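Hi,

Here's the structure I promised to pass on. Have a look at it first, and then read my notes underneath.

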Amino acid sequence: MELTLDQLKQYDGTNPSKPIYIGVKGRIFDVTTGKSFYGPGGSYAMFAGKDASRALAKMSKNDEDVIGSLHGLTDKEIGILDDWEKKFEAKYPIVGSLAA
């Protein structure tokens, strides 16, 4: 399955009949089993239905960082993102990719 960022927004946890998806480095993870974190009211709900790559790299919950752009990140931030990606891979199924 390939989704655009606009299509990904439909999977933000606000519709209980749909799964919760998060984009990380071009791939889409189904984080529905972590809905206490990623669902409405959860501590990471701002990532749901979005590409959270930059925010994860910067360890940020600021809206302006919840985007896919890795431009200008430091090597340390890229390393942090790689660690997050490994955690997601171990915990959540990959269900698709983000359309370029």
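Before the charged pairs, a quick word on the term: I call something a salt bridge when a side-chain nitrogen of Lys or Arg sits within 4 Å of a carboxyl oxygen of Asp or Glu. Keep in mind that this is a predicted model.

By that rule there are six salt bridges. One of them joins the side chains of Lys9 and Asp6, at 3.2 Å from N to O. Asp6 is exposed, because its relative accessibility is 56%.

Arg27 is worth clicking on next. Its side chain meets that of Glu85 in a salt bridge of 2.8 Å, N to O. This pair links distant parts of the chain, with Arg27 in strand β3 and Glu85 in helix α4, 58 residues apart. Arg27 also has a salt bridge to Glu89, at 2.3 Å from N to O. Since Glu89 lies in helix α4 and Arg27 in strand β3, that pair ties together parts 62 residues apart in sequence. As for accessibility, Glu85 counts as buried at 13%, while Arg27 is partly exposed at 23% and Glu89 is partly exposed at 39%. Zoom out a little and you'll find Lys25, Arg27, Asp82, Glu85 and Glu89 linked in a network of salt bridges.

Lys25 has more to show. It lies in the loop between β2 and β3, and its phi is near 50 degrees, a positive value in a residue other than glycine. Most residues other than glycine have a negative phi. Met59, in the loop between α3 and α4, also has a positive phi, near 55 degrees. Met59 is exposed, given its relative accessible area of 57%.

Which residue has a side-chain polar atom 2.7 Å from the backbone nitrogen of Lys25? That's Ser53, which is in helix α3 and counts as buried because its relative accessibility is 1%. Leaving out residues up to four places away in sequence, Ser53 touches Gly23, Val24, Lys25, Ile67, Gly68, Leu70 and Leu81.

Finally, the inside. The largest nonpolar core has 18 residues, and those with the most contacts inside it are Ile22, Val31, Tyr38, Phe47, Leu56 and Phe88. β2, α3 and α4 each supply at least two residues of this core. A second, separate core has six residues, including Leu3, Tyr21, Ile28 and Leu98. Back in the largest core, Val31 is one of the residues with the most contacts; beyond its neighbours within four places in sequence, Val31 is in contact with Ile20, Ile22, Tyr38, Phe88 and Tyr92.

Cheers

Definitions and conventions:
Residues are numbered from 1 along each chain as its sequence is written. This is a predicted model: local features need pLDDT of at least 70, side-chain atom pairs count only at pLDDT 80 or more; totals for chains, interfaces and linings use all residues. Side-chain values use heavy atoms; hydrogens and water are left out. Helices (H or I, at least four residues) and strands (E, at least two) are DSSP runs, numbered from the N terminus. Buried means under 20% relative accessible area, exposed over 50%, partly exposed in between (1.4 Å probe, protein chains only). A polar contact is a pair of N or O atoms within 3.5 Å; within protein, one must be able to donate a hydrogen and the other to accept it, and residues adjacent in sequence count only if both atoms are side-chain atoms. Contact means heavy atoms within 4.5 Å. A nonpolar core is a set of buried Ala, Val, Leu, Ile, Met, Phe, Trp, Tyr and Cys residues joined through side-chain atoms within 4.5 Å.
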